[in-house]
Each structure stands twice: as structure tokens, then as C-alpha cells.
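Visitor: Got a minute to walk me through this one? I'd like to start with the aromatics and then look at a helix.
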Amino acid sequence: PSSGERIVDLRSGRTITRGELISAMRASDVLLLGERHDNVHHHAARGALIEALGARTAVVAEHLPRGRRVQFGPDLLVSLEAAGFEPKAWRWPLHEALFAGVAQAGVPLVGGNLPRDVVRRIAREGEAAWPEELAALLARAPLDDQAQAALDADLLAGHCGHLSPQRLPGMRAAHIEARIAERQR
């Protein structure tokens, strides 16, 4: 990290080094790397971590349609667009450092996002709109009350308190669907 940044192990509350973080990441089967969508520094940090993990990694990105795979060529943006990336929708070049790290690491980059109409329907209708295979996965491992409360708090915070109580169940369902889809890859 650069001067003034800290890496905190949330389980222990202890400050750890970048090396310790990478070691812990390498020991994991699945990693979910979150960020604030509009924070270019978060995207750069994720790109650098993916690059440091190297060849044992595959990346599933919400920025691409589910199942599409990027074939990296000399032009990063052209490669992403060929796989369904929409630069305007994702405010390119905001995520450039993330994808440059993936390309530099030489790891597969595949899409994990459902079509927009399905995601919108899930956000409006909630769990009833989930595709059958995703609903079956969640039925086998439902969120407990504590996990649901934590997710709801994150969704409210992530929307700066502007998410109405009526929209929360749908947003929760859409968020859970995205995480299930990522784990399937």
C-alpha cells in the first residue's frame, strides 16, 4: 500500500502487510474482491492484487455478460468490447487498471453478469425472478439472519441511505444472484 493506507484483517482487526494479504489470498479457493464503484484507486489495487496472484487465478467480472471470455490482444479496450464490455456504462477508463492487471497476469477473464433485463426484473420482483438454477443454489445455502442484516446494511451504505425499504429485498436478491453467479465460474 502507499503511504497512509492500511490493510486490516477484519477477522482479527490486526494490520497486516501486503505479503500477508497475498499469502492469505493464495490459500483461498474463492476470493471476492469488492470496491467502491467510482474509486479508481480500488480498481488499481484489485488489478495489482490479481497480478500478484498470477496464473492460478481466474477472474469473473460483473462488467461482462455471463459466460463471455476476454481474449486479450494489444488493445485492452478493444479486447474487452469484443467480449461484451460496455465502456460508457462502466465509465471507461475507470476500471482500466483492474483489467490491465488481469491482462498482465495472463489469467482468464470471464463474464458473470446476467442480462440487464433479468437483473432489472430481479431488482423489481426479488427472489421470485431468479433463474431456476440460481434459486436452487440459494435454497441449498440460504443466508442466515446475521448475514442478511450485514448485507442489508452494506446495500444501504452503498446507496448512501437512498435505497427505500421497498427496494431493499429486490436489491438484496440481485446482489445475492451476482455472488452466486460468480461462484459458479
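Guide: Sure, here is a short tour of a predicted model.

Visitor: How many aromatic pairs are there?
Guide: The count comes to 2. Phe85 and Trp92 make an edge-to-face pair, 5.6 Å centre to centre with 75 degrees between the planes.

Visitor: And how do the rings of Phe85 and Phe99 sit?
Guide: Their centres are 5.6 Å apart and their planes are at 75 degrees, so that pair is edge-to-face. Phe85, Trp92 and Phe99 form one aromatic cluster.

Visitor: Which parts does the pair of Phe85 and Phe99 tie together?
Guide: Phe85 is in the loop between helix H3 (76–82) and helix H4 (96–105), while Phe99 is in helix H4, so the pair links parts 14 residues apart in sequence.

Visitor: Is Phe99 buried or exposed?
Guide: Buried, because its relative accessible area is 0%, under the 20% cut-off. Phe85 also counts as buried, at 4%.

Visitor: Switching to H7. Which residues are buried there?
Guide: Leu151, Asp152 and Leu155. Looking down the axis of H7, the buried residues fall within an arc of 100 degrees, so they line one face. On the other side, Gln146, Asp154 and Ala157 are exposed.

Visitor: What happens at the start of H7?
Guide: A side-chain oxygen of Asp144 comes to within 3.1 Å of the backbone nitrogen of Gln146.

Visitor: And what follows H7?
Guide: Cys160, with a positive phi near 50 degrees.

Visitor: Last one: where does Asp9 lie?
Guide: In the loop between strand S1 (7–8) and strand S2 (15–16). Asp9 is buried at 15% relative accessible area, and its contacts beyond four places in sequence are Arg14 and Ile16.

Technical notes:
Residues are numbered from 1 along each chain as its sequence is written. This is a predicted model: local features need pLDDT of at least 70, side-chain atom pairs count only at pLDDT 80 or more; totals for chains, interfaces and linings use all residues. Side-chain values use heavy atoms; hydrogens and water are left out. Helices (H or I, at least four residues) and strands (E, at least two) are DSSP runs, numbered from the N terminus. Buried means under 20% relative accessible area, exposed over 50%, partly exposed in between (1.4 Å probe, protein chains only). Contact means heavy atoms within 4.5 Å. The arc is that of the directions from the helix axis to the C-beta atoms. A polar contact is a pair of N or O atoms within 3.5 Å; within protein, one must be able to donate a hydrogen and the other to accept it, and residues adjacent in sequence count only if both atoms are side-chain atoms. Rings of Phe, Tyr and Trp (its six-membered ring) pair if their centres lie within 6.5 Å; planes under 30 degrees apart count as stacked, over 60 as edge-to-face and the rest as tilted.
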